[in-house]
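Student: I would like to go through this structure with you step by step, beginning with a single pairing and then widening the view.

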Amino acid sequence: MRYIQGFVRSLDDVSKEKLTKGKNGELFALLQADIAAGCVFPAVRKNELYFYYLGGCLYKFARCYFTRDKNWEKFGVNTDGLSVYDKAKNEVEHKFAKMHGGSAERWLLNKLYCHTFNTELKSKVVVLDIEVNLKGAIGGGKKCDLVLLNTETNEIMFVEGKVFADPRVKCKVGRTPEVIEQVNIYTAAMEEQRQVIIEQYGEYVRIINDLFGTSYNPPKKLIEPAKLLVYETDFSNLTVNGSYSIEKINQSLGTDNVMWVETYNEPTLEEIWTALRGGVCK
């Protein structure tokens with residue numbers, strides 16, 4: 001089967017070398033310290049690296065250079081006296097500070113990222129990748145929030161995260177929550193490139209092991225279908241629309257493929273994995 005763009009996770013030798021030299025090396029050292037502390041999350045793309053902070057892209061390394069979105073500079077608050085690096089972090093932090101009172105899905109999901117590269121945090125399930133565009137013929141351009149890796153079974157799982165108040169989740173009686181189609185598209189995109197995904201995440205693991213000192217094994221299996229994780233579900237105060245939305249989503253995606261998290265609860269990665277593990281492993 002031929003793919004329009006194809007799912008690729010790679011980093012060539014020239015880019016690896018340039019990453020640690022001169023000005024690049026100075027910035028990379030700062031990023032590495034925050035990665036080890038669980039504050040910054042690196043993600044491998046097609047011969048690129050994206051570095052995420054609090055759910056936003058802090059820096060991108062591409063064509064052997066670091067760049068960042070200049071539009072983010074307008075979000076800085078009280079940045080006088082800060083280093084260029086800390087100023088960049090300040091800008092990312094304040095861009096999202098007002099979203100949903102600070103409880104947007106990106107803030108909740110961000111709390112899961114710290115386990116991957118912080119060796120002091122012991123979790124058999126880690127976040128392997130975030131903001132994942134499969135770049136195939138199906139669903140090109142759409143991004144799934146998380147890929148989880150079970151380090152004991154060497155399985156990976158795609159998970160979309162939402163908060164219950166999101167209108168794509170909670171809708172009026174008679175309508176269909178948009179998140180159903182969103183998750184189904186991810187499932188179809190996974191099926192389209194199943195073997196490619198497993199192979200490319202094998203390369204992904206080899207790259208992060210080399211750059212960031214992890215020692216993960218390449219994944220051997222992909223759990224299907226894609227899963228849905230919904231935070232801030234107020235079961236104690238459900239409206240008619242809320243009850244309808246939960247029932248509709250459960251019926252469409254399957255109860256084994258959806259995890260409803262009550263308000264103020266923050267499950268661990270292992271709890272999320274256990275709740276969503278049902279499905280076919282291919």
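**A sheet, its helices and a leucine**

Student: In this predicted model, which residue in E2 does Ala43 stand opposite?

Tutor: E1 covers residues 40–44, and E1 pairs with strand E2, residues 48–53, in the antiparallel sense over 5 bridges. Within E2, the residue that stands opposite Ala43 is Tyr50.

Student: Which helix packs on the sheet and touches E1, E2 and strand E3?

Tutor: Two helices can be considered here. Helix H6, residues 194–212, packs on the sheet with contacts to E1 and E2, and its direction makes about 135 degrees with that of E1. The helix formed by residues 84–95 touches E1, E2 and strand E3 (56–62), its direction making about 130 degrees with that of E3, and this is helix H3.

Student: Which strands stand at the edges of the sheet?

Tutor: The sheet is open and has 4 strands with antiparallel pairing, in the order E1-E2-E3-E4. An edge strand has a single partner strand, so one side of it is left without a neighbour in the sheet. The strands in that position are E1 (40–44) and E4 (65–67).

Student: Turning to helix H4, is Leu109 buried or exposed?

Tutor: Leu109 lies in helix H4, residues 105–110, and, leaving aside neighbours within four places in sequence, Leu109 is in contact with Asp145, Leu146, Gly161, Leu229 and Tyr231. Its relative accessible area is 2%, and the cut-off for this class is under 20%. Leu109 is therefore buried.

Key:
Residues numbered from 1 in each chain as written. Predicted model: local features only at pLDDT ≥ 70, side-chain atom pairs only at ≥ 80, totals over all residues. Heavy atoms only, no water. Pairing = 2+ DSSP bridges. Helix = DSSP H or I, 4+ residues; strand = E, 2+ residues; numbered from the N terminus. Contact = heavy atoms within 4.5 Å. Axes fitted to C-alpha atoms, helices over the stretch in contact; angles between N-to-C directions. Buried < 20%, exposed > 50% of the residue type's maximum accessible area, 1.4 Å probe, protein only.
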